[in-house]
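Here is a friendly look at the spaces inside one protein model and at the ligands placed in it. Have the structure open while you read.

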Amino acid sequence: MKRPVAKPAPEPGDMVVPRSVAVIMDGNGRWARQAGFERIRGHERGIDAVRTTVTECARLGVQALVLYAFSEENWQRPQREIDLLFGLLKRFLVEERGTLMQNRVRLLHSGRRARLGADILRLLDETVAHTAGNDGMQLSLAISYGGRQEIVDAVRQLAQQVQAGTLAPAAIDEAAIQRHLYHPELPDPDLLIRTAGEQRISNFLLWQVSYAEIVVDDVCWPDFRAEHLHAAFRAYGRRVRKFGKVT
Ligand code: IPE
Ligand code: IPE
Ligand code: MG
């Protein structure tokens, strides 16, 4: 039996809900330092912000949400922090399955599998399979993800096809590269949100953000709440998107 679709509550006039949202969830370490805790406590508290953001985006009708959870460059962090982070990710995949199902969210993974441990891969694959029948928002967790690496991986597949004689170099166009991204079915983000104030992309979705609107919020990720998401959607609503054209 399908659950009834929750009606979005009325929101302040100028909030526009993007079709596709991407989030660089930054500032866990700073949050912990300010609170006098170890960095890992910030990551732990970040899970609450993930749950809030997923639930609220799903409720408001966002179709695709990509959350940057662990970058290819984050492998350079101390091993202890990496181990604790992956412990949390595994816990999230087990404990939040109910939330994903309740909100009819379909989980995906974006990133390279090579360096991921067997446990996290198994949990990712299980959760992806478990939620595959859901008809609501697509949620992609970017884990061991890098934007440059994603483009390299796509280009390598195209090169193999050229070598095999099944693809003419002249047939390589934007659509061909798009088709070989980790999740070609995901729409490009309309809105990219970054928390904790840093004004950079940090190798996130380089191909896909070419025309994304960017909103940076100073709040550290563990303190990110629905009100911050709404503020980002209001800022998005004020943007004039031109895509290179004259309006
Ligand atoms: C974001 O928080 C989470 C990950 C990158 C895994 P950080 O750990 O980068 O927090 P800051 O930037 O040090 O405050
Ligand atoms: C980006 O944050 C990666 C994630 C949020 C997972 P970082 O904290 O790693 O980025 P930099 O190092 O500040 O650019
Ligand atoms: Mg950071």
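About 120 Å³ of space lies in the largest cavity, and a search of the whole structure turns up one cavity of 30 Å³ or more. Keep in mind that this is a predicted model. Fifteen residues would be a lot to click through, so here are some to start from: V66, H183, L186, L205 and Q208 lie nearest the centre of the largest cavity, out of the 15 residues that line it. By class, that lining has eight nonpolar, five polar and two charged residues.

**Ligand 1**

Now to the ligands. The space taken by ligand 1 is the largest pocket. Two elements each give two or more residues to the shell around ligand 1, namely α1 (28-35) and α2 (39-60). Of these, α1 gives the most, with three residues. The surroundings of ligand 1 include M25, D26, G27, N28, G29 and R30, and also R39, H43, A69, N74, R77 and L85. Sorted by class, this shell holds three nonpolar, five polar and four charged residues.

**Ligand 2**

Where does ligand 2 sit? Ligand 2 is in the largest pocket. Around it are I24, M25, D26, Y68, A69, F70, N74, R77, R194, R200 and S202. Strand β2 (residues 64-71) supplies the largest share of the shell around ligand 2, three residues. The shell around ligand 2 divides into five nonpolar, two polar and four charged residues.

**Polar contacts**

The table sets out polar contacts made by oxygen atoms of the ligands.

| Ligand | Partner on the protein | Distance |
|---|---|---|
| Ligand 1 | N or O atom in the side chain of D26 | 2.9 Å |
| Ligand 1 | polar backbone atom of G27 | 3.4 Å |
| Ligand 1 | N or O atom in the side chain of R30 | 2.7 Å |
| Ligand 2 | N or O atom in the side chain of D26 | 3.1 Å |
| Ligand 2 | polar side-chain atom of N74 | 2.9 Å |
| Ligand 2 | polar side-chain atom of R194 | 3.4 Å |

The side chain of D26 has an N or O atom 2.9 Å from an oxygen atom of ligand 1 and one 3.1 Å from an oxygen atom of ligand 2. How much of the accessible area of ligand 1 does the protein cover? On its own ligand 1 has 380 Å² of accessible area, and the protein covers 86% of that. Ligand 2 exposes 390 Å² when taken alone, of which the protein buries 78%.

Definitions and conventions: Residues numbered from 1 in each chain as written. Chains lettered and ligands numbered in written order. Predicted model: local features only at pLDDT ≥ 70, side-chain atom pairs only at ≥ 80, totals over all residues. Heavy atoms only, no water. Near = heavy atom within 4 Å. Polar contact = N/O pair within 3.5 Å; in protein donor to acceptor, adjacent residues only side chain to side chain. Areas by Shrake-Rupley, 256 points an atom, 1.4 Å probe, with all protein chains shown as cover. 1 Å grid on protein atoms, 1.4 Å probe; cavity = no way out; pocket = protein on both sides within 12 Å on 5 of 7 lines; lining within 4 Å. Sits in = over half its atoms within 2 Å of the grid points. Helix = DSSP H or I, 4+ residues; strand = E, 2+ residues; numbered from the N terminus. Nonpolar A, V, L, I, M, F, W, Y, C, P; charged D, E, K, R; others polar. Points joined across faces, edges and corners; volume = space filled by probe spheres on them.
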